Amino acid sequence: MTASRLLVVATKSILKNKMRTLLTMLGIIIGVGAVIIMVAIGQGAQSRIAEQIQNLGTNMIVITAGTSSSGGVSRGSGSYNRLRVRDAELIAQESILLSGVTPVVTTFTQAVGGTGNWRTLINGVGVDYEYIRALTMFDGSFFNQRDVRQMKKVAVLGWTVAENLFPDGDGVGQQIRLRNVPFTIIGVLNPKGQTASGTDQDDQILAPYTTVQTRLRGRSFISQILVNTSNPNDIPAAEEEIAVLMRESHGLAAWEEDDFTVRNQTELAEAAQGTTEVMTLLLAAIASISLLVGGIGIMNIMLVSVTERTKEIGIRMAVGARGSDVLTQFLIESIVMSVFGGALGVLLGFGGSTLLSRFMGWGTEVAPDIVAIAIIFSAAVGIFFGFYPARKAAALNPIDALRYE
Amino acid sequence: MQKEKKTVIETSGITKIYSMGGTEVHALAGVDFQVDDGEFVAIIGASGSGKSTLMNIVGCLDYPSKGTYILDGVEVNKLERNALADIRNQKIGFIFQGFNLLARTSALENVELPLLYDRSGNKYNLKKRAREALEIVGLGDRADHHPNELSGGQQQRVAIARALVTDPSLLLADEPTGNLDSKTSVEVFGLFQELNAKGITIVVVTHERDVIHYVKRVVELKDGLLIRDELQTPRSAAEDLERIIAAEIDAENAAENTVVGADESAENLAEDVDEDVTVEIVKETPGGSTQDINELAV
Ligand SMILES: Nc1ncnc2c1ncn2[C@@H]1O[C@H](COP(=O)(O)OP(=O)(O)OP(=O)(O)O)[C@@H](O)[C@H]1O
Ligand SMILES: [Mg+2]
């Protein structure tokens with residue numbers, strides 16, 4: 001039989017058994033579609049987290065109090081080994097690798113002004129904070145060195161705060177009260193969105209750390225120190241430099257452990273990436289199960305149709321079909337069904353992913369290698385279970401194939 | 001019979017043994033069977049005597065357990081599967097005891113099937129040839145019907161058309177009239193006689209005594225052995241068919257003449273009479289059913 005004639009025979013046979021064809025393809029369609037959608041969700045989340053970490057600021061290093069080895073609950077957790085502004089000042093003065101340094105003083109309070117009040121995070125920071133965190137102004141300007149030195153009562157609002165207190169966008173120049181202290185709004189930040197863990201980065205008010213320390217907190221220690229380097233390659237050296245300066249600032253003896261932790265952005269990223277990778281893997285596992293179930297569906301339908309098909313093979317052989325004719329026909333049938341089902345599955349996957357991003361707001365990313373794996377797997381199942389019974393039947397005497405029950 | 005005939009089928013010492021659960025069934029116990037070119041042979045025998053088994057081997061659908069089978073001078077029991085497939089395709093037209101048509105496939109496509117596997121390289125129009133074969137069996141108008149939309153007799157005729165479509169030199173039919181009424185059976189045998197007259201060798205398995213009058217030679221199997229082999233002068237199936245039809249018309253006319261009354265009852269009676277006539281024809285009498293037909297026709 002010529003190839004084109006075989007193709008015609010195979011296509012006719014596929015169309016003849018519409019139900020069987022549909023059920024077989026359904027397994028492939030759902031399997032492939034599910035894998036693509038699930039992995040797209042996982043990968044979408046992963047790349048969104050990567051993006052957000054990048055969004056935190058470039059080449060950032062975070063210094064916090066407490067040893068990393070004992071999980072921050074170090075033995076001498078007295079006030080003396082907390083971070084202080086002078087630590088930040090020392091690093092800023094002595095460092096040669098760092099391009100920006102800012103202490104961060106954090107407190108929560110009610111902001112009163114504009115249309116009402118809003119409980120939010122107050123971050124007391126230095127001028128470098130704008131640059132380290134890669135912030136951009138929506139309106140007005142960031143405070144300057146003089147504001148910090150003179151403990152000016154000025155504030156820069158995050159997008160969420162501005163939206164809630166000044167929905168008309170006329171916040172700049174107005175006053176808000178934080179713990180009854182009036183602050184003049186000098187700027188509003190562009191939105192940054194949520195962090196990987198879901199905190200709204202725009203729900204905060206920035207003010208000079210000097211002002212926050214004296215007016216709002218009344219304590220001398222600070223939450224963390226943020227620094228950055230201009231070149232990512234400098235980060236390891238910068239971390240060592242920071243460690244030396246911090247030990248000096250804290251007056252630690254050679255035998256004493258660090259009472260602070262220095263972490264860079266890559267480490268933060270890796271931690272976050274780790275969780276999302278687990279999530280992606282989990283989703284992929286679930287999807288694989290659906291692919292497997294799809295595969296079993298294909299298998300069942302193929303096996304159930306064996307009796308009927310064995311008789312058909314017997315008839316074909318009785319009128320002169322060679323074993324190879326029958327096998328090729330079945331192989332083509334299986335391939336046509338798998339490829340067609342796989343293609344529909346890919347369409348379903350793309351469609352589903354797009355719908356999810358559009359209506360649920362989930363970031364999705366269709367990975368080509370997963371598409372390929374899903375298609376190959378279901379095609380393999382379809383081909384194997386389509387072909388295997390055919391091969392068995394074609395090895396029979398025609399009369400035995402005809403008699404098969 | 002004057003000139004030297006070519007031998008088409010020659011089996012010697014063919015046995016077929018089925019072993020099931022320890023017991024062995026000798027379906028064929030050493031059959032020497034020879035058929036010359038142009039013969040029209042009927043194989044008869046009780047149920048289970050091995051008729052189908054012999055036909056399947058002769059039709060290259062099955063291998064014998066022992067013995068040799070020479071088809072057109074080729075020892076086919078030594079051939080490999082592909083060669084046998086080609087022989088089935090080119091030389092033999094096989095009509096099965098149970099039609100064996102492809103389901104959900106039109107009559108035309110069923111008939112076309114053997115042509116799909118034709119490796120002879122000859123160029124022809126598949127559809128046209130299949131349609132011609134259907135015309136021969138009188139089913140030209142049912143080409144697009146599926147087997148489940150056809151009567152038993154029509155399915156049988158599709159199976160015959162499929163066997164004829166490749167122009168085989170040997171036609172093997174296993175109970176081709178097993179599912180047909182007597183009139184249709186006579187029709188089928190008329191067709192076989194026509195084909196035989198054109199030079200096709202035909203072997204038919206049957207256990208209906210009335211149709212064996214139409215063949216040139218009768219062979220009887222019993223318990224896997226040939227016990228009888230007789231030549232005879234065949235009756236003409238075409239003539240018998242004419243008589244049957246004439247008898248039917250007579251019966252109808254007679255019914256119409258005798259019954260005076262409502263059209264409905266006349267029709268019913270006509271049907272009754274019709275059935276009676278049919279029974280007469282089918283009825284097996286030692287003298288042969290042909291006489292009955294003659295008497296009726298005269
Ligand atoms: N596949 C098989 N397996 C086992 N035994 C078989 C098989 N086919 C046939 N037989 C046995 O072989 C014997 C001959 O069977 P075969 O079908 O040739 O009979 P037959 O003469 O065609 O009968 P019928 O007129 O009923 O069709 C029977 O006894 C049957 O039981
Ligand atoms: Mg039989």
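This is a walk through a predicted model, starting with where chains A and B meet and ending at ligand 1.

Let's begin with the protein–protein contact. Chain B puts 29 residues into it, and chain A puts in 29 residues as well. Put the two chains together and about 2,500 Å² gets buried between them, with 48% of that on carbon and sulfur atoms. If you want to know where to look on the chain B side, go to R104(B), Y117(B) and R119(B): this trio supplies 26% of the area that chain B buries against chain A, more than any other three residues.

Now for the polar side of the contact. The rule picks up three salt bridges across the interface of chain B and chain A. You can pull one of them up directly: E109(B) pairs with K12(A), and the closest N and O atoms sit 3.0 Å apart. Polar contacts across the interface come to 14 residue pairs, counting those where both partners have pLDDT 80 or more. As for which pieces of chain B are doing the touching, helix 2 (81–90), helix 3 (107–116) and helix 4 (126–136) are the elements that each give two or more residues to the side facing chain A. Sort that side of chain B by residue class and you get 14 nonpolar, ten charged and five polar residues.

Next, the ligand. Ligand 1 lies between chains A and B, and 15 residues surround it, the closest being S47(B), G48(B), K51(B), S52(B) and T53(B). Two of those serines have polar side-chain atoms by ligand oxygens. For S47(B), an N or O atom of the side chain is 2.5 Å from an oxygen atom of ligand 1. For S52(B), the distance from a polar side-chain atom to a ligand oxygen is 2.7 Å. Q97(B) joins in too, with a side-chain N or O atom 3.1 Å from an oxygen atom of ligand 1.

How much of the ligand does the protein cover? On its own, ligand 1 has 630 Å² of accessible area, and the protein covers 72% of that. Stepping back to the secondary structure, strand 1 (7–20), strand 2 (23–36) and helix 1 (51–58) of chain B are the elements that give two or more residues to the shell around the ligand. Helix 1 of chain B has the largest share, with three residues. By class, the shell breaks down into seven polar, five nonpolar and three charged residues.

Notes
Residues numbered from 1 in each chain as written. Chains lettered and ligands numbered in written order. Predicted model: local features only at pLDDT ≥ 70, side-chain atom pairs only at ≥ 80, totals over all residues. Heavy atoms only, no water. Contact = heavy atoms within 4.5 Å. Buried area = accessible area lost by both parts, 1.4 Å probe. Salt bridge = Lys/Arg side-chain N within 4 Å of Asp/Glu carboxyl O. Polar contact = N/O pair within 3.5 Å; in protein donor to acceptor, adjacent residues only side chain to side chain. Helix = DSSP H or I, 4+ residues; strand = E, 2+ residues; numbered from the N terminus. Nonpolar A, V, L, I, M, F, W, Y, C, P; charged D, E, K, R; others polar. Near = heavy atom within 4 Å. Areas by Shrake-Rupley, 256 points an atom, 1.4 Å probe, with all protein chains shown as cover.
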